[in-house]
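Let's take a walk through this model together, one piece at a time. Have the sequence and the 3D view ready.

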Amino acid sequence: MSESSVTKPAPVRRKLSAGPLSTGDKLFFGTASIAANFAFVLVATILIFLLIQALPALSSQGLPFIFGTEWNNAKDPIVMQIGPMIWGSLLIGALGVVFATPLAVSLAYLIVFMLPDRSSKAAASLVDLLAALPSVILGLWGLLVFTPVAAQWSSILNSNLGWIPLFQVSTVDNGFLGSPFIAGWIVAIMIVPIITSITREVFSQLDRDLINGALALGGSRLSTFRRVIFPTSSGAVVGGVLLGLGRALGETVAIFYVLQLSFDFNWGQILEPKGGAVASMILSKFGEASQAEVSGLIAAGLVLFILTLCINFVASVIVNRAQPWRKD
Amino acid sequence: MNSSIKASTLSSENVSVWFGQRQVLSDVNLVFPANKVTALIGPSGCGKSTFIRTLNRMHELIPGAGLAGSVYLDGEDIYGQDFDAVSVRIKIGMVFQKPNPFPTMTIRDNILSGLRLSGRKAENADEVVENSLKRASIWNEVKDRLNDQAISLSGGQQQRLCIARSLAMNPQVLLLDEPCSALDPGSTRRIEETIKELSSSMTIVIVTHNMQQAQRVSDQTAFFLADDNTPGGVVEFGATEQVFSGPIDQRTNDYVNGHFG
């Protein structure tokens, strides 16, 4: 007993080295950290550039820049307000997601769970190929081939479901062209590959024992999908969808050809050629923009940039929160 | 309870299985009488897990799988016209090697998942939950936290939850594919006790690598073996005591005494 009361010297802590040891390691470590920091520096630089360039426009226009509905370079001082464009971007992005998600999720299900090995690989690379399609090509295809078809769909929707405000139009004279509906479809085609490939990845990493367990309990393919596969992977799928949305918002050229720009809010008459999208507006105005207008357009770009950052942030929060059981 | 559902006799007749061109099982003839526990033993790759999957048509899910022969549930061919895979699996439940509770569901919802998956109404759901958990002897451990995530349970509890989940469907037969291979000895013992209790109300088939387990829980034992590059098959089938203490075939004797496998 008495020995234990004698004060023992405090244990000497040894120094453990977890860092890089050899010269090669150090070199590799250094290169990797430079590359990693470069990404931050790049984003920060872009943000600073946008801020500096946008400042004149933002300070002269004030808050109405974001909410107002007028763009007039003939006036003095010049009026630049992009409310309908921001709203239009969100509307078209949302439509794209609504059209693309069921398509992409079914496609991923088909590829992972139904097709035999060889055709599954072929289908997967075909969908990936869709992602490699230059957006100019997609835009031209949209304008020349798809628009007439989508106009037909619009006409059918309008004549059958026209009593729903969503499908109302002020006049049928414009032949249902240039609407957010059509632009939404083009965006959907662009984001189907990214949602599909993320969903495919999630599905293929799913524990097969869970699926077998559900089938062994008398589940059908549909009920197994609805009650086990989808709930288990929904968090990651939502993340994929939001990544797709982030891409859709920034998409310029493809919908530039098919979308009618007008500085009126389109609150949800998706067949009406009204509203616009930020990226398309920048593209359409940039060529003949005055010094002051350029600043306004860059400010619009800044808004888009921040919007996309927010969506990506929300995506990561949702992905983390949707799968609490993954944390252990 | 469950007096309306009685245990059934399951039997296989000349069951052979192919995966693609490769035959993995040949002419398996076994009878699983009602209220008996049958153990399937044998070294890895002898086809016993494949065989147990033919008993509730789970092997059909493997691409390229083929089958010859018949499996009878009370005299009716489960591969016949009157059955589809879903109705077979409702009558013949299965528990897997690794505990696989549904991670998005609570303990309670896991128990009711079979009813929902097969599109049936869960009438008196509370009763079903309580009875199933009691039969799997896990009720006392989880009764106060039925709405917790199933994934919060320990491995052994998860496996008993999976047994309870199958029991909620009131199956006539329960297939267990190495149910204890991922569990500690304590959990293993509890599951073995559960199996014994359950055998009074159903027919049980269990695949196991554990010779002692086969001796402890089963009434009869089938020894599977696949020689090099030949399909697997049953070498010996009989009362457990006889298979372990006085096997007829020399290969069975070697296996149960630990000379190979």
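What radius of gyration does chain A have, set beside that of a compact globule of 328 residues? Chain A comes to 26 Å, while the compact globule would sit near 20 Å. Keep in mind as we go that this is a predicted model. The outline of chain A fits that picture: along its principal axes, the C-alpha trace spans about 100 × 60 × 40 Å. Of its 328 residues, 36% count as buried.

What is chain A built from? Its secondary structure amounts to 12 helices and two strands. Starting at the N terminus, you pass through α-α-α-β-β-α-α-α-α-α-α-α-α-α. As for how the chain folds back on itself, take the contacts between residues at least 6 apart in sequence: 77% of them join residues at least 24 apart.

One spot on chain A is worth a quick stop. A:Glu288 sits in the loop between α11 (278-286) and α12 (291-322) of chain A. Is A:Glu288 buried or exposed? With 8 other C-beta atoms within 10 Å, A:Glu288 is exposed. If you want a feel for distances, look from there to A:Gly83: the two are 205 residues apart along the chain, and their C-alpha atoms are separated by 21 Å.

Now let's see where the two chains meet. Chain A puts 20 residues into the contact and chain B puts in 26 residues. On the side of chain A that touches chain B, the elements giving two or more residues are α8 (208-216) and α9 (221-250) of chain A. The largest share comes from α8(A), with seven residues. By type, this side of chain A divides into nine nonpolar, eight polar and three charged residues.

Crossing over to chain B, start with a sheet. Four strands of chain B form an open sheet in the order β2-β1-β4-β5, with antiparallel pairing. At the edges stand β2 (22-32) and β5 (76-77) of chain B, each with a single partner strand, so one side of each has no neighbour in the sheet. Elsewhere in this sheet, β1 (residues 10-19) and β4 (residues 65-73) of chain B are joined in the antiparallel sense by eight bridges. To find that pairing on screen, look for B:Ser11, which stands opposite B:Tyr72 in β4(B).

The edge strand β2 of chain B also holds B:Asp27. Here's something to check: the phi of B:Asp27 is near 45°, a positive value in a residue other than glycine. Most residues other than glycine have a negative phi. B:Asp27 is partly exposed, with 14 other C-beta atoms within 10 Å.

Next, move to β7 (173-177) of chain B. How many of the residues of β7(B) are buried? Five of its five residues are, so the strand is mostly covered, a residue counting as buried when 20 or more other C-beta atoms lie within 10 Å of its own. In a regular strand, side chains alternate between the two faces of the sheet. In β7(B), both faces are covered: B:Val173, B:Leu175 and B:Asp177 are buried on one side, and B:Leu174 and B:Leu176 on the other.

Who pairs with β7(B)? One partner is β6(B), which runs parallel to β7(B) over four bridges; there, B:Ile92 stands opposite B:Val173. Another is β8 (residues 203-207) of chain B, also parallel to β7(B) and joined to it by five bridges. Across that pairing, B:Val173 stands opposite B:Thr203. The chain gets from β7(B) to β8(B) by way of α7(B), making a right-handed β-α-β crossover.

On the loop between β7 and α7 of chain B you'll meet B:Glu178. Its phi is near 45°, again positive in a residue other than glycine. B:Glu178 is buried, with 20 other C-beta atoms within 10 Å.

Let's finish with helix α6 (residues 155-167) of chain B. The helix has 13 residues and reaches 18 Å from first C-alpha to last, close to the 18 Å expected at 1.5 Å a residue. Why is α6(B) largely enclosed by the rest of the structure? Because 12 of its 13 residues are buried, including B:Leu161, B:Cys162 and B:Ile163. Those buried residues pack against several elements of chain B, among them β6 (92-95), β7 (173-177) and α7 (185-198).

Note on methods: Residues numbered from 1 in each chain as written. Chains lettered and ligands numbered in written order. Predicted model: local features only at pLDDT ≥ 70, side-chain atom pairs only at ≥ 80, totals over all residues. Expected span 1.5 Å × (residues − 1). Contact = placed C-beta atoms within 7 Å. Nonpolar A, V, L, I, M, F, W, Y, C, P; charged D, E, K, R; others polar. Rg over C-alpha atoms; globule rule 2.2 N^0.38 Å. Pairing = 2+ DSSP bridges. Right-handed = clockwise from strand over helix to strand, strands pointing away.
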